[in-house]
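Thanks for making the time this morning; I would like to walk you through one model, and I will go from the annotated segments to the hairpin and then to the rings. Please have the sequence and the coordinates open as I talk.

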Amino acid sequence: MLFANSTSLLWLSYYGLSLLVIVAVYFALTFLPRLPRLVLTWAVAGAIWAPASFRLPLIEEGEFYTGWAPAAMVAAVGFLENNGAALRGGLMWLVLGMALGALIGVALWWWRRSSSAEYVTQEEEREDDQTPPRRREPVIN
């Protein structure tokens, strides 16, 4: 259940806000063709949504707090604390999430591409240009 100060509410709000970020990334990349736009957008989504486990030492000797966090955050904290195990685990899940996201972007592009598009060669274009239709002037009766 969702209660105040609950982890599930935190994750739900994180994923809700990340949807806004992903939509903003998609619209920010409108200058790109559709395939690179989808691949980059879904790679960012994979980076945002990939979770990784972490382990933090507590004040008492020999006790640790373990949990889940976004892989980018686990990798960033591992880098800042010079913790190679956290950095390695966070980066592994981050790269895996980005690769999976890029594959989803390619799959969406493949699924939504127009297969009925007809390709016109230059010779067919020239034949069409040689006989332009004759224009008729409007007549008022």
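Helices (H or I, at least four residues) and strands (E, at least two) are taken here as DSSP runs, numbered from the N terminus. This is a predicted model, in which local features need pLDDT of at least 70 and side-chain atom pairs count only at pLDDT 80 or more, while totals for chains, interfaces and linings use all residues. Residues are numbered from 1 along each chain as its sequence is written, and side-chain values use heavy atoms, with hydrogens and water left out.

The unreviewed UniProt entry places the feature "transmembrane region" at residues 12-32, 39-58 and 92-111, in the numbering used here, with feature names shortened and with annotations that may be inferred rather than shown by experiment. Residues 12-32 are 81% helix and 0% strand, with end C-alpha atoms 31 Å apart, whereas residues 92-111 are 100% helix and 0% strand, their end C-alpha atoms lying 28 Å apart.

Turning to the hairpin, strand 1 (residues 51-57) and strand 2 (residues 64-70) run antiparallel and are joined by seven bridges, where pairing requires that DSSP finds at least two bridges between the strands. Phe54 of the hairpin stands opposite Gly67 in strand 2, and Gly62, in a hairpin with six residues between the strands, takes a positive phi near 85°.

Finally, Arg55 lies over the face of Phe64, at 3.7 Å from the ring centre, and Arg112 lies over the face of Trp111, at 5.7 Å; the criterion is NZ of Lys or CZ of Arg within 6 Å of the ring centre and within 35 degrees of the ring normal.
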